[in-house]
Amino acid sequence: SEGTTFQLIFSQTAEKSAENVNRRNLDEYRGKGQRVLVVDDVDIQRKLASKMLKSLGYEPQAVPSGEAAVELLKKEDFELVILDMIMHPGMNGRETYAAIMEFKPHQKAIIASGMAETEDVAKVQAMGAGQFANKPYTIEELAAAGKKALASLPPKRIEHETGIMECTRLASGTGQGVHQV
């Protein structure tokens with residue numbers, strides 16, 4: 001029988017190949033069971049972030065508000081907080097991070113927002129949060145931000161206006177070495 005033969009090539013194979021490459025690249029960004037607190041007022045965002053984090057080897061827990069994050073962090077420790085900047089009602093991301101810094105001045109965080117970097121984002125980064133993830137973020141972006149945030153030095157508490165003093169003991173053990181941060 002005569003006729004024309006068509007060969008159809010679907011992109012699924014190419015996509016699977018690219019996915020495998022991305023998954024292999026993710027291996028260098030995998031967590032080691034670190035606890036990560038996801039703070040977002042949007043349920044689906046909390047679920048997506050938690051699912052991505054779990055697949056990356058982290059132990060995620062999620063809360064729907066800044067107030068809930070502050071209360072939980074008063075009772076439990078997390079190596080990293082992923083904090084949405086715009087949350088309604090209640091505390092926004094900047095207010096939440098400022099409250100956290102009052103009792104956990106070395107808390108590492110990633111700031112997440114669907115908006116471009118704003119003045120509030122800059123203020124939170126100046127407080128020590130560091131990483132910014134533009135939503136919707138991919139698993140690769142989240143993995144890279146998480147690794148970079150966890151590898152960074154802890155935030156420094158800077159409060160010149162209030163004159164908060166931090167005391168350190170010198171190696172000699174004299175107890176001297178009071179300095180203003």
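Buried means under 20% relative accessible area, exposed means over 50%, and partly exposed lies in between. These terms are used throughout this report on a predicted model.

## Overall layout

The protein chain holds six helices and seven strands. Read from the N terminus, its elements follow the order α-β-α-β-α-β-α-β-α-β-α-β-β. The chain has 181 residues, and 34% of them are buried. About 11,300 Å² of the protein chain is exposed, with carbon and sulfur atoms supplying 54% of that area. Of the contacts in the protein chain between residues at least 6 apart in sequence, 63% join residues at least 24 apart.

## The nonpolar cores

The largest nonpolar core has 22 residues, and those touching the most other members are Leu37, Val39, Val81, Leu83, Tyr97 and Ile111. At least two residues of this core come from each of β1 (35-39), α3 (66-75), β3 (80-84), α4 (93-103), β4 (109-113) and α5 (119-127). The largest contribution to this core is that of α3, with four residues. Another core lies apart from this one; its 19 residues include Leu80, Ile82, Tyr137 and Ala149.

Helix α3 has five named buried positions: Gly66, Ala69, Val70, Leu72 and Leu73. The cover over these buried residues includes β1, β2 (59-63), β3 and α4.

Ile111, one of the best-connected members of the largest core, has contacts beyond its sequence neighbours. Leaving out residues up to four places away in sequence, Ile111 touches Leu83, Met85, Val121, Val124, Ala129, Gln131, Phe132 and Ala133.

Gln131, one of those contacts of Ile111, sits in strand β5 (residues 130-134). Gln131 counts as buried because its relative accessible area is 19%, and the limit for buried is under 20%. With residues up to four places away in sequence again left out, Gln131 touches Ala109, Ile110, Ile111, Gln125, Ala145, Lys148 and Ala149.

Two of these contacts of Gln131, Ala145 and Ala149, are among the buried residues of helix α6, together with Ile139, Leu142, Ala143 and Gly146. Helix α6 covers residues 139-151, 13 residues in total, and spans 18 Å from its first C-alpha to its last, close to the 18 Å expected at 1.5 Å a residue.

## Salt bridges

The whole structure contains 11 salt bridges. Three of them are listed here.

| Salt bridge | N to O distance |
|---|---|
| Asp40 and Lys135 | 2.8 Å |
| Arg46 and Asp43 | 3.0 Å |
| Lys104 and Asp77 | 2.2 Å |

The side chains of Asp40 and Lys135 meet in a salt bridge. This pair links distant parts of the chain, with Asp40 in the loop between β1 and α2, Lys135 in the loop between β5 and α6, and their positions 95 residues apart. Asp40 and Lys135 are both buried.

Arg46 and Asp43 form a salt bridge within one helix: they are three residues apart in helix α2, so about one helical turn separates them. An α-helix has 3.6 residues a turn, so residues three or four places apart point the same way. Arg46 counts as buried because its relative accessibility is 14%. Asp43 has a relative accessible area of 37% and is therefore partly exposed.

Lys104 forms a salt bridge with Asp77. This pair also links distant parts of the chain: Lys104 lies in the loop between α4 and β4, Asp77 lies in the loop between α3 and β3, and they are 27 residues apart. At 15% relative accessibility Lys104 is buried, whereas Asp77 is exposed at 56%. Elsewhere, Arg35, Glu59 and Glu76 are joined into one network by salt bridges that share partners.

## A nonpolar surface patch

Val42, Ile44 and Leu48 form a nonpolar patch on the surface, and their accessible area together is about 250 Å². Ile44 belongs to helix α2 (residues 43-55). Ile44 is classed as exposed because its relative accessible area is 51%, and exposed means over 50%. Helix α2 thus holds the exposed Ile44 as well as the salt bridge of Arg46 and Asp43.

Notes:
Residues are numbered from 1 along each chain as its sequence is written. This is a predicted model: local features need pLDDT of at least 70, side-chain atom pairs count only at pLDDT 80 or more; totals for chains, interfaces and linings use all residues. Side-chain values use heavy atoms; hydrogens and water are left out. Patches are made of residues with over 30% relative accessible area and no salt bridge: like charges are joined within 9 Å, nonpolar side chains (Val, Leu, Ile, Met, Phe, Trp, Tyr) within 5 Å. Accessible areas come from the Shrake-Rupley method with a 1.4 Å probe; for residues, only the protein chains shown count as cover. A salt bridge is a side-chain nitrogen of Lys or Arg within 4 Å of a carboxyl oxygen of Asp or Glu. Buried means under 20% relative accessible area, exposed over 50%, partly exposed in between (1.4 Å probe, protein chains only). A nonpolar core is a set of buried Ala, Val, Leu, Ile, Met, Phe, Trp, Tyr and Cys residues joined through side-chain atoms within 4.5 Å. Contact means heavy atoms within 4.5 Å. The expected span of a helix is 1.5 Å times one less than its number of residues.
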